[in-house]
Amino acid sequence: MAILLSLSLSPHPPNPKLNSLATTTNNTAFTKRDFILKTTSLCIISLTSLSPLEKSLAEPPKPSLSGIIENTKSWSQFYGDGFAIRVPPQFEDITEPEDYNAGLSLYGDKAKPKTFAARFASSDGYEVVSVVIKPSNQLKLTFLEAKDITDFGSLREAAKIFVPGGATVYSARTIKIKEEEGFKTYYFYEFGRDKQHVALVAAVNGGRAYIAGATAPDFKWNDDGVKLRSAAISLTVL
């Protein structure tokens, strides 16, 4: 089971306050609707596919982790349920509002969980930064509560969970962040599929997996990849 972060954007992205896709490109007509369908299908496929990635992971990585903005403190910081993430300038908060009336019509109903814990988009809607939270036992069947990303296995082994089959992996890294009680481990993957480029960071805390992803079409990544990569890497589990 693989997880890929992507967003379904409306033809005209909304304009709420920041708390914290028809155009032609190259020789192919690529509309905002095309982008919505592509990213949505990527998300669905990645949730149901399981395919070995040894070949992709064995290829020499292309972009390196050094291609980031070292200081993102000037960016707005969004605090969510157990996590924080930096939001690139001019990105709009397009997180779906919680439906507080859901589940109240019938006794015992439960509100439908939100798909995204957070999601932000550039003004043109092509570039997206999002966060998904999943119970760790939904990603890897076990009776034990995962306490760290390493409970999913090595960086290579965990790629089967976080990177969809058929993707080309450009880079994969283990990141260790010093905390009061030791080090917190994050797994970083950068990959491409169906003309989409994704930077993904995952961590685990308290039996929940936190997955931050920044995605854009290849033609946008050449200009804004550093910014998007930096946003994904800014994920902090609290």
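Start at the second largest pocket, which holds about 400 Å³ of space. Keep in mind that the model on screen is predicted.

**Stop 1: the pocket**

Select I177, I233, S234, L235 and T236. Of the 18 residues that line the second largest pocket, these lie nearest its centre. Now colour β8 (168–179) and α5 (218–233). They are the elements that give two or more residues to this lining. Colour the lining by residue class next: nine residues are nonpolar, six are polar and three are charged.

**Stop 2: the β8–β9 hairpin**

Stay with β8 and add β9 (182–193). A hairpin of two residues joins the two strands. They pair in the antiparallel sense, over eleven bridges. Pick E179 and look across: G182 in β9 stands opposite.

**Stop 3: the whole sheet**

Widen the selection to the open sheet of seven strands. Trace the order β5-β6-β7-β11-β10-β9-β8, with antiparallel pairing. Which strands stand at the edges? They are β5 (92–93) and β8. Each has a single partner strand, so one side of each lacks a neighbour in the sheet.

Move inward to β10 (196–205) and β11 (208–217). These two run antiparallel, joined by ten bridges. Select L200 and find its bridge partner, G213, in β11. While the strands are on screen, check the side chains. In a regular strand they alternate between the two faces of the sheet.

**Stop 4: the two nonpolar cores**

Show F78, F83, I85, V129 and L228 as sticks. They have the most contacts inside the largest nonpolar core, a set of 27 residues. Which elements each supply at least two residues of this core? They are β4 (83–87), β6 (118–121), β7 (128–135), β9, β10, β11 and α5.

Then select A158, F191, V198 and V204. They are among the 22 residues of a second, separate core.

**Stop 5: R229 in α5**

Finish on helix α5, where R229 lies. Is R229 buried or exposed? Its relative accessible area is 5%. Buried means under 20%, so R229 counts as buried. Now add V201 and draw a C-alpha to C-alpha distance. R229 and V201 are 28 residues apart in sequence and 9.3 Å apart in space.

Before you close the viewer, colour α5 once more. This helix holds R229, supplies at least two residues of the largest nonpolar core, and gives two or more residues to the lining of the second largest pocket.

Conventions: Residues numbered from 1 in each chain as written. Predicted model: local features only at pLDDT ≥ 70, side-chain atom pairs only at ≥ 80, totals over all residues. Heavy atoms only, no water. 1 Å grid on protein atoms, 1.4 Å probe; cavity = no way out; pocket = protein on both sides within 12 Å on 5 of 7 lines; lining within 4 Å. Points joined across faces, edges and corners; volume = space filled by probe spheres on them. Helix = DSSP H or I, 4+ residues; strand = E, 2+ residues; numbered from the N terminus. Nonpolar A, V, L, I, M, F, W, Y, C, P; charged D, E, K, R; others polar. Core = buried A, V, L, I, M, F, W, Y, C linked by side-chain atoms within 4.5 Å. Buried < 20%, exposed > 50% of the residue type's maximum accessible area, 1.4 Å probe, protein only. Pairing = 2+ DSSP bridges.
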